[in-house]
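Dear colleague,

I am handing over the structure below, and after it you will find my notes on what turned up when I went through it. Please read them with the model open beside you.

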Amino acid sequence: MKFRVVMAQLESTSDKHVNYEKAVSAVRDAVRDYSAQMVVFPEIFMSFFPAHTPKPVIVDDAETLDGPFVTGMRKLAAEYGTWLIFGMKELVDEREADRVYNTVVIVDSGGSIAGSYRKTHLYDAFGLKESDTIMPGDRLFEPIQTPFGKLGLFVCYELRFPEIARYQAARGAEIIIVPSGWVRGPMKEQHWSHLITVRALENTVFMVACNQVSDFYSGQSLVADPMGVLMAAGPETEALMPCEIDLSRIGSVRSKLPSYEQRRPELYTSLI
């Protein structure tokens with residue numbers, strides 16, 4: 001089975017209304033120019049605030065899953081008949097909380113929410129501390145069945161935790177979506193491309209990693225196939241990147257490279 005995904009590598013601003021209009025243009029162009037059946041946006045696409053933004057500003061900007069931004073994206077998905085995956089800042093249930101969730105939402109082609117995930121492993125590294133403003137989720141994403149195969153999901157920094165990708169693969173994920181805001185820095189671009197390739201290869205799955213782009217984020221969105229072959233690679237600027245994914249490639253690779261089936265978890269799962 002084949003399907004067409006487009007990664008919308010865009011720069012998010014602090015104005016979610018501007019970002020929504022960028023999404024409208026991206027989806028329109030992705031469907032018109034590439035017949036997109038799925039459009040993937042970056043992490044926290046709804047609104048980006050630079051480091052050291054006061055917490056009340058971030059909390060006041062957050063929304064629920066039935067708020068205006070997600071509602072608008074649901075209407076957009078239904079209008080164009082395409083699946084949308086995008087990041088947003090979700091309001092924490094406890095109104096007194098001074099943090100928000102870093103959430104990814106999956107919307108199907110009919111405009112219904114097919115799944116959501118609150119980032120569990122936060123980017124407290126390389127001199128930044130995401131946990132100052134983000135509340136971690138308490139469970140990993142459970143892969144969902146879609147018309148394009150079984151879909152797994154995690155976010156950005158979580159590429160550095162192989163257990164998360166393995167969790168998805170062990171539950172049947174064939175394509176793992178990774179909305180990201182990968183921060184620029186020494187060796188960071190190499191880490192990005194290496195980790196995506198390795199996660200694809202060690203689990204023999206497709207990886208679709210859509211990154212934000214700006215002076216702060218590195219862009220260079222990627223799709224890797226189950227053999228670790230890069231199928232699409234983005235620039236350092238805003239771009240729409242189409243890729244046709246053929247799920248039969250998974251079976252072909254696994255017939256030659258059955259490493260996933262050759263695991264011996266009794267030897268090492270107790271070490272985790």
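Two strands are taken to pair if DSSP finds at least two bridges between them. On that footing β7 and β8 pair, since three bridges join them, and the two strands run antiparallel. Please keep in mind throughout that this is a predicted model.

The sheet around β8

A hairpin of two residues leads from β7 into β8, and across this pair Gln145 stands opposite Lys150 in β8. On to β9, β8 is joined by three bridges as well, but here the strands run parallel, with Leu153 standing opposite Ile177 in β9. Strand β8 is mostly covered, four of its five residues being buried. From β9 (residues 175-180) the pairing continues to β10 (residues 206-211) through six bridges, again with the strands parallel, and in that pair Val178 has Ala209 of β10 as its bridge partner.

These strands belong to an open sheet of six, in the order β7-β8-β9-β10-β11-β12, whose pairing is mixed. Its edges are formed by β7 (144-146) and β12 (230-233), each of which pairs on one side only. Averaged over the sheet, and with direction ignored, neighbouring strands are turned by 20° against each other.

Helix α4 and its surroundings

Helix α4 (residues 162-170) packs with helix α5 (residues 188-203) at an angle of about 40°, and their axes lie 10 Å apart. That angle makes α4 oblique to α5, and the crossing in which α4 passes α5 is right-handed. The contact is made by Pro162, Ala165, Arg166 and Ala169 on the α4 side, which meet Arg199, Glu202 and Asn203 on the α5 side; sorted by class, it has three nonpolar, one polar and three charged residues.

Which residues of α4 are buried? They are Ile164, Ala165, Tyr167, Gln168 and Ala169, and these buried residues pack against β8, β9 and α5. After the helix comes Gly172, with a positive phi near 95°.

Of the residues in α4, you may want to look at Gln168. Gln168 counts as buried because its relative accessibility is 0%, where buried means under 20%. Leaving aside neighbours within four places in sequence, Gln168 is in contact with Phe141, Pro143, Gly152, Leu153, Phe154, Ala173 and Ile176. Leu153 in that list is the residue noted above as standing opposite Ile177 in β9. Val205 is 37 residues away from Gln168 along the chain, yet their C-alpha atoms are separated by 9.8 Å.

Two residues with positive phi

Most residues other than glycine have a negative phi, so two exceptions are worth a look. Cys156, in the loop between β8 (149-153) and α4, has a positive phi of about 45° although it is not a glycine. His52, in the loop between β2 (38-40) and α2 (55-61), likewise is not a glycine and has a positive phi of about 75°. Is each of these buried or exposed? Cys156 counts as buried, at 5% relative accessibility, whereas His52 is exposed, with a relative accessible area of 80%.

Helices α1 and α3, and the strand pair β1 and β13

Helix α1 (residues 16-34) packs with helix α3 (residues 68-80) at an angle of about 15°, with 11 Å between their axes. This makes α1 roughly parallel to α3, and their crossing is right-handed. From α1, Lys16, Tyr20, Ala23, Val24, Val27, Arg28 and Val31 meet Phe69, Gly72, Met73, Leu76 and Tyr80 of α3, a contact that by class has nine nonpolar, one polar and two charged residues.

Finally, strand β1 (residues 2-9) pairs with β13 in the antiparallel sense over eight bridges, and Lys2 stands opposite Asp246 in β13. Along β13 (residues 239-246) the side chains alternate: Ala239, Met241, Cys243 and Ile245 point to one face and are buried, while Leu240, Pro242, Glu244 and Asp246 point to the other face and are not buried.

With best regards

Definitions and conventions: Residues are numbered from 1 along each chain as its sequence is written. This is a predicted model: local features need pLDDT of at least 70, side-chain atom pairs count only at pLDDT 80 or more; totals for chains, interfaces and linings use all residues. Side-chain values use heavy atoms; hydrogens and water are left out. Axes are lines fitted to C-alpha atoms, for helices over the stretch in contact, and angles run from 0 to 180 degrees between N-to-C directions. Angles under 35 degrees count as roughly parallel, over 145 as roughly antiparallel, 65 to 115 as roughly perpendicular and the rest as oblique. A crossing is left-handed if the near helix is turned anticlockwise from the far one by less than a right angle, and right-handed if clockwise. Contact means heavy atoms within 4.5 Å. Ala, Val, Leu, Ile, Met, Phe, Trp, Tyr, Cys and Pro count as nonpolar, Asp, Glu, Lys and Arg as charged, and the others, Gly among them, as polar. Buried means under 20% relative accessible area, exposed over 50%, partly exposed in between (1.4 Å probe, protein chains only).
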